[in-house]
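Let's take a walk through this fold together, from its core out to its smaller strand pairings. Have the structure open as you read.

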Amino acid sequence: MIGEAFYHTHTAMGRAEEVKIESNANIKDPHMAILKIARMGHPVLARAADPVESLQSREIRRLVADMVDTLDDTGGVGLAAPQVHVPKRVVVFHVPENRARAIAAAEAARNGEDEGGETEAEAVPMTVLINPAIEPLDEETALGVEGCLSLPGMIGMVPRYKRIRYRADSPDGSVIEREASGFHARVVQHECDHLDGILYPMRMDDLTTFGYSEEMGRDELPLGERMRRD
Ligand SMILES: [Zn+2]
């Protein structure tokens with residue numbers, strides 16, 4: 001999960017926002033479950049995941065439903081199937097409205113001091129990406145804070161492409177094709193990296209910014225950081 005950069009206010013640290021299920025994710029299922037999260041070092045996080053062959057199989061529908069439920073439970077913004085021990089190319093993510101606002105405000109404050117942050121943070125409804133592919137729109141990158149449910153308690157500053165285009169299959173058989181920038185682009189890059197066995201520390205170029213969030217005294221709420229601490 002990308003902990004994609006967040007700035008936690010106490011409100012944002014509270015309960016996860018209500019998860020909105022869009023038509024993109026037709027995932028109502030009476031048997032939803034909270035899945036166990038694999039942590040860094042587990043082999044399932046280090047391998048390339050397999051393409052999904054049958055979008056509407058019972059197995060995939062169940063996986064997507066459980067991943068959305070698990071993401072909702074953690075309060076994170078994204079989750080990739082390998083993180084729940086399933087080596088398939090499936091990602092779920094969203095950028096809730098209040099997170100988007102908090103990120104934009106924190107980045108604006110940061111940009112007063114130095115350049116290169118992300119100022120754009122639009123809300124994105126719950127989205128399911130199957131067999132996603134990403135293409136950067138240009139070479140420009142930005143640093144942002146990330147965390148990951150697979151590295152609980154840790155955060156780091158990670159460079160990511162600022163603008164991307166991504167394309168994926170949706171569980172309903174349609175094709176999702178979007179351009180994304182800022183935090184939205186960051187979340188998608190973080191989650192899709194999981195499908196290739198890449199965790200965010202492997203993308204960092206300054207490991208002095210890597211550490212336990214509680215020790216670093218940051219204002220940011222990492223992407224996948226567990227938010228329910230009460
Ligand atoms: Zn992650």
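## The nonpolar core

A nonpolar core here means a set of buried Ala, Val, Leu, Ile, Met, Phe, Trp, Tyr and Cys residues joined through C-beta atoms within 7 Å. Please keep in mind that this is a predicted model. Its largest nonpolar core has 50 residues, and those with the most contacts inside it are Val-64, Met-67, Val-90, Val-92 and Val-188. Helix α1 supplies the largest share of this core, 7 residues. As a general background, nonpolar side chains in soluble globular proteins tend to be buried together.

Val-188 is a good residue to click on. Leaving aside residues up to four places away in sequence, Val-188 touches Phe-93, Ile-134, Ile-164, Tyr-166 and Ala-180.

## The five-stranded sheet

In what order do the 5 strands of the open sheet stand? The order is β1-β2-β3-β6-β7, with antiparallel pairing. Strands β1 and β7 (175-181) are at the edges and have a single partner strand each, so one side of each is left without a neighbour in the sheet. On average, and with direction ignored, neighbouring strands of this sheet are turned by 40° against each other.

Strand β2 deserves a look of its own. It covers residues 90-95, and 6 of its 6 residues are buried. Val-90, Val-92 and His-94 point one way from β2, while Val-91, Phe-93 and Val-95 point the other way. On one side, β2 pairs with β1 in the antiparallel sense over 3 bridges, and Leu-79 has Val-92 as its bridge partner. β2 also pairs with β3 (residues 124-136), again in the antiparallel sense, over 5 bridges. Within that pairing, Phe-93 is partnered by Thr-127 and Val-91 by Leu-129.

## Helices on the sheet

Two helices are worth finding next. Helix α1 lies across β1, β2 and β3, and runs at about 35° to β2. Helix α3 (residues 182-194) packs on the sheet as well, touching β1, β2, β3, β6 (163-169) and β7. The direction of α3 makes about 160° with that of β2.

Is α3 covered or exposed? It is mostly covered, as 13 of its 13 residues are buried. You can also check its length with simple arithmetic: at 1.5 Å a residue, the 13 residues of α3 should span 18 Å, because the expected span counts one less than the number of residues. The end C-alpha atoms of α3 are 19 Å apart, which agrees.

## A buried glycine

Where does Gly-76 lie? It is in the loop between α1 (58-74) and β1 (78-80). Gly-76 has 31 other C-beta atoms within 10 Å; a residue is called buried at 20 or more, so Gly-76 is buried. Gly-76 is 71 residues from Gly-147 in sequence, yet their C-alpha atoms are 9.4 Å apart in space.

## Strands β4, β5 and β8

Another set of pairings centres on β5 (residues 154-161). Since 6 of its 8 residues are buried, β5 is largely enclosed by the rest of the structure. Strand β4 (residues 141-146) pairs with β5 in the antiparallel sense over 6 bridges, and Thr-141 has Tyr-161 as its bridge partner in β5.

Strand β8 (residues 211-212) is joined to β5 by 2 bridges, and the two run antiparallel. Here Met-154 stands opposite Tyr-212 in β8.

How values were computed:
Residues numbered from 1 in each chain as written. Predicted model: local features only at pLDDT ≥ 70, side-chain atom pairs only at ≥ 80, totals over all residues. Helix = DSSP H or I, 4+ residues; strand = E, 2+ residues; numbered from the N terminus. Buried ≥ 20, exposed ≤ 12 C-beta atoms within 10 Å, placed from the backbone. Pairing = 2+ DSSP bridges. Axes fitted to C-alpha atoms, helices over the stretch in contact; angles between N-to-C directions. Contact = placed C-beta atoms within 7 Å.
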